[in-house]
Amino acid sequence: MASQTTTSRSAAAPESDDWQPHTLPATTHSYLLRAAGSLSEAVTATDAPTRYACAHVAALRAAAALLAARARPQVRPSRRQQNAWVLLTQVAPELGEWATFFAAGAAKRAAAEAGSSRAVTEREADDLVRDADRFLAVVEAALGLTPHPSVGDQLVGRVAG
């Protein structure tokens with residue numbers, strides 16, 4: 001492999017003020033719909049590991065939506081492939097804290113997806129659902145879209161099982 005495709009801030013598209021929903025790539029809209037679907041799955045999941053994993057995937061798909069809209073591929077020799085959270089900090093530095101936060105939860109998500117019932121607590125899962133919900137709204141706003149209605153109220157009163 002002589003070169004790989006990566007993204008760069010310098011190759012990023014215009015800032016969010018220049019975005020119009022009808023000019024966003026179809027993949028951006030697709031990722032946003034998939035993020036909302038994963039968030040919905042997280043809200044309705046009855047066990048904490050599934051709720052956590054679905055919420056983390058929702059955030060990852062929201063990041064992918066922003067990357068699809070802003071990032072432009074560049075060919076650079078001998079560069080390692082980078083994960084979505086690293087790319088997000090390059091393309092949207094204003095979302096760097098979110099990227100760091102969700103990157104830190106990747107190992108827990110992997111453990112939850114692997115079936116570990118002790119990977120996360122009910123509280124951690126519910127908190128991540130709320131954080132993924134907020135992150136999706138931040139991404140939607142950054143893309144010039146109206147943020148979705150919050151799902152946080154759907155978690156209130158959840159009976160821990």
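A nonpolar core, as the term is used here, is a set of buried Ala, Val, Leu, Ile, Met, Phe, Trp, Tyr and Cys residues joined through side-chain atoms within 4.5 Å. In this predicted model, the largest such core has 38 residues, and those with the most contacts inside it are Leu66, Trp85, Leu88, Phe135, Val139 and Leu143. The elements that give two or more residues to this core are H1, H2, helix H3 (84-91), helix H4 (96-104) and helix H6 (122-142), and among these it is H2 that gives the most, with 12 residues. Leu66 shows how parts of the chain meet in this region: not counting residues up to four places away in sequence, Leu66 touches Ala71, Leu88, Ala92, Leu95, Val139, Ala142 and Leu143.

It helps to set this core within the chain as a whole. The protein chain has six helices and two strands, and along the sequence these elements follow the pattern β-α-α-β-α-α-α-α. Of the 161 residues in the protein chain, 43% are buried. When contacts between residues at least 6 apart in sequence are considered, 78% of them join residues that are at least 24 apart.

The pairing of the helices H1 and H2 is a good place to continue. The axes of helix H1 (residues 26-44) and helix H2 (residues 48-70) come within 8 Å of each other and cross at roughly 170 degrees. Because angles over 145 degrees count as roughly antiparallel, H1 is roughly antiparallel to H2, and the crossing of the two helices is left-handed. On the H1 side, the contact is made by Thr27, Thr28, Tyr31, Leu32, Arg34, Ala35, Ser38, Leu39, Glu41 and Ala42, while H2 brings Arg51, Cys54, Ala55, Val57, Ala58, Arg61, Ala62, Ala64, Ala65, Ala68 and Ala69. Sorted by class, the contact of H1 with H2 has 14 nonpolar, three polar and four charged residues.

A second helix pair is formed by H3 and H4, which pack at an angle of about 175 degrees with their axes 9 Å apart; H3 and H4 are therefore roughly antiparallel to each other. Their contact is made by Trp85, Leu88 and Thr89 of H3, together with Gly96, Ala99, Phe102 and Ala103 of H4. The residues of this contact divide into five nonpolar, two polar and no charged. Two of the H3 residues in this contact, Trp85 and Leu88, are also among the residues with the most contacts inside the largest nonpolar core.

Helix H2 also holds Tyr52, and what does Tyr52 contact, leaving aside its neighbours within four places in sequence? Its partners are Gly105, Lys108, Arg109, Val120, Glu124, Ala125 and Leu128. For one of these partners, Leu128, the C-alpha atom is separated from that of Tyr52 by 6.3 Å, although the two residues are 76 residues apart along the chain. Tyr52 counts as buried because its relative accessibility is 6%, where buried means under 20%.

Seen from the other side, Arg109 is found in helix H5 (residues 106-113). Is Arg109 buried or exposed? Arg109 is buried, since its relative accessible area is 19%. Apart from neighbours within four places in sequence, Arg109 is in contact with Tyr52, Ala53, His56, Val57 and Leu60. One of these residues, Val57, also belongs to the H2 side of the contact with H1.

Notes. Residues are numbered from 1 along each chain as its sequence is written. This is a predicted model: local features need pLDDT of at least 70, side-chain atom pairs count only at pLDDT 80 or more; totals for chains, interfaces and linings use all residues. Side-chain values use heavy atoms; hydrogens and water are left out. Axes are lines fitted to C-alpha atoms, for helices over the stretch in contact, and angles run from 0 to 180 degrees between N-to-C directions. Helices (H or I, at least four residues) and strands (E, at least two) are DSSP runs, numbered from the N terminus. Angles under 35 degrees count as roughly parallel, over 145 as roughly antiparallel, 65 to 115 as roughly perpendicular and the rest as oblique. A crossing is left-handed if the near helix is turned anticlockwise from the far one by less than a right angle, and right-handed if clockwise. Contact means heavy atoms within 4.5 Å. Ala, Val, Leu, Ile, Met, Phe, Trp, Tyr, Cys and Pro count as nonpolar, Asp, Glu, Lys and Arg as charged, and the others, Gly among them, as polar. Buried means under 20% relative accessible area, exposed over 50%, partly exposed in between (1.4 Å probe, protein chains only).
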